[in-house]
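Reader: Could we go through this model together? I would like to start with the interior and then move to the surface.

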Amino acid sequence: MTETGRWARIDRGRVREHVVDTNDGIIASAGIVEGLLGAGASSTILLVASLAAMVGGGLALGGMRYAETADERDAQKAILEAERRRIDLTPAEEEAELAALYQDRGLSPQLARAVAAELSAGDALAAHAEAEYGISPRDRQATPWAIAVVAGLAFGVGAGVPLLVILLAPPEWRSAATILAVVAALSLTASVTASVSETSIPRTMLRTVSIGVATMLLTFLGGSLLG
C-alpha cells in the first residue's frame with residue numbers, strides 16, 4: 001500500500017469517527033429536548049438544558065477521546081520499544097521470525113527469506129511493526145489533544161441542531177420541528193458515513209435515523225408520563 005493509500009485509510013477512519021461524534025450530539029441533545037417538551041418544560045429550562053448538554057457532552061466526549069488516543073499511543077510506543085530491543089539483541093532470530101510471517105501469508109520459503117532480509121537491511125523496526133502488529137512507525141499520528149478538540153466540537157455541532165430549533169421555532173411547533181430537524185441532520189451525517197465507508201447509503205440512513213427517532217419518541221413519552 002502506498003503512503004497516499006495509508007493516509008486515505010486514516011483520514012476515512014477519522015472522518016467516520018467524528019461523524020459518529022456529531023450523531024451522538026444530535027441524538028443526545030434531541031432526546032433531552034423531547035423529554036423536557038413532553039414534561040411541559042418552559043423555554044428557559046429547554047434552553048439551559050440544551051446548552052448544558054452541548055457543553056457537558058462535548059467536554060465529556062473530548063476527554064474520553066483524549067484518554068483513548070493517549071492510551072493507544074502509549075501502547076504503541078511500548079510495543080515498538082520492546083520490538084526494537086529484540087531486534088538489537090537477536091537480529092537473526094527476528095529476521096527469521098519475519099520470514100516466517102511472510103511465509104504464512106503465502107510466500108515461498110526462499111522468497112520469504114529474501115523479503116525479510118531486504119526489509120531488515122532497510123528499516124527492520126518498521127518491517128516488524130507492520131507485519132506483526134499492523135503499526136507503521138513512519139505514519140504521522142494525530143495528537144490526543146487534537147482528536148479531543150475535534151471530537152468535542154463535532155459533538156457540539158450536533159447538539160446545536162435541537163438548540164437552534166428551540167431558539168427559532170414557535171413553542172407549539174418545537175417538538176415536531178425538532179424531530180424534522182434531527183431526521184434531516186441524521187440523514188446528512190448518515191450519507192457522509194456511508195460515502196466514506198463505501199456502504200449502502202439508504203441502509204445506513206435508515207439505521208441512523210431510526211435510532212434517533214426512537215430515542216426522541218421514548219424520551220418524549222417518558223417526559224409526558226413524568227410531567
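Author: The answers below cover the cores, two buried residues and a surface patch.
Author: This is a predicted model, in which local features need pLDDT of at least 70, side-chain atom pairs count only at pLDDT 80 or more, and totals for chains, interfaces and linings use all residues. Residues are numbered from 1 along each chain as its sequence is written, and side-chain values use heavy atoms, with hydrogens and water left out.

Reader: Which residues form the largest nonpolar core?
Author: The nine residues are I26, I27, A30, V161, V182, A185, L186, V209 and M216. Such a core is a set of buried Ala, Val, Leu, Ile, Met, Phe, Trp, Tyr and Cys residues joined through side-chain atoms within 4.5 Å. Buried means under 20% relative accessible area, exposed over 50%, and partly exposed in between (1.4 Å probe, protein chains only).

Reader: Which helices each supply at least two residues of this core?
Author: Helix 1 (3-38), helix 6 and helix 7 (201-226) do so. Helices (H or I, at least four residues) are DSSP runs, numbered from the N terminus.

Reader: And what does A185 touch?
Author: Not counting residues up to four places away in sequence, A185 touches I26 and V161, where contact means heavy atoms within 4.5 Å. A second, separate core has seven residues, among them Y102, A112, A116 and A127.

Reader: Staying with helix 6, is T193 buried or exposed?
Author: T193, which is found in helix 6 (residues 174-197), counts as buried because its relative accessibility is 15%. Leaving aside neighbours within four places in sequence, T193 is in contact with R16 and V19.

Reader: What about E94, buried or exposed?
Author: E94 lies in helix 3 (residues 91-104) and is buried, because its relative accessible area is 5%. Beyond neighbours within four places in sequence, E94 contacts E83, R86, I87, H128 and E132.

Reader: How far apart are E94 and S120?
Author: They are 9.0 Å apart in space, C-alpha to C-alpha, and 26 residues apart in sequence.

Reader: Now the surface: which residues make the nonpolar patch?
Author: L47, L51, L164, L167 and L168 make a patch of about 490 Å². Nonpolar patches join side chains of Val, Leu, Ile, Met, Phe, Trp and Tyr within 5 Å, using residues with over 30% relative accessible area and no salt bridge.

Reader: Which helix gives the largest share?
Author: Helix 5 does, with three residues. Helix 2 (43-89) and helix 5 (144-168) each supply at least two.

Reader: And how is L47 classed?
Author: L47, in helix 2, counts as partly exposed because its relative accessibility is 31%.

Methods
Patches are made of residues with over 30% relative accessible area and no salt bridge: like charges are joined within 9 Å, nonpolar side chains (Val, Leu, Ile, Met, Phe, Trp, Tyr) within 5 Å. Accessible areas come from the Shrake-Rupley method with a 1.4 Å probe; for residues, only the protein chains shown count as cover. A salt bridge is a side-chain nitrogen of Lys or Arg within 4 Å of a carboxyl oxygen of Asp or Glu.
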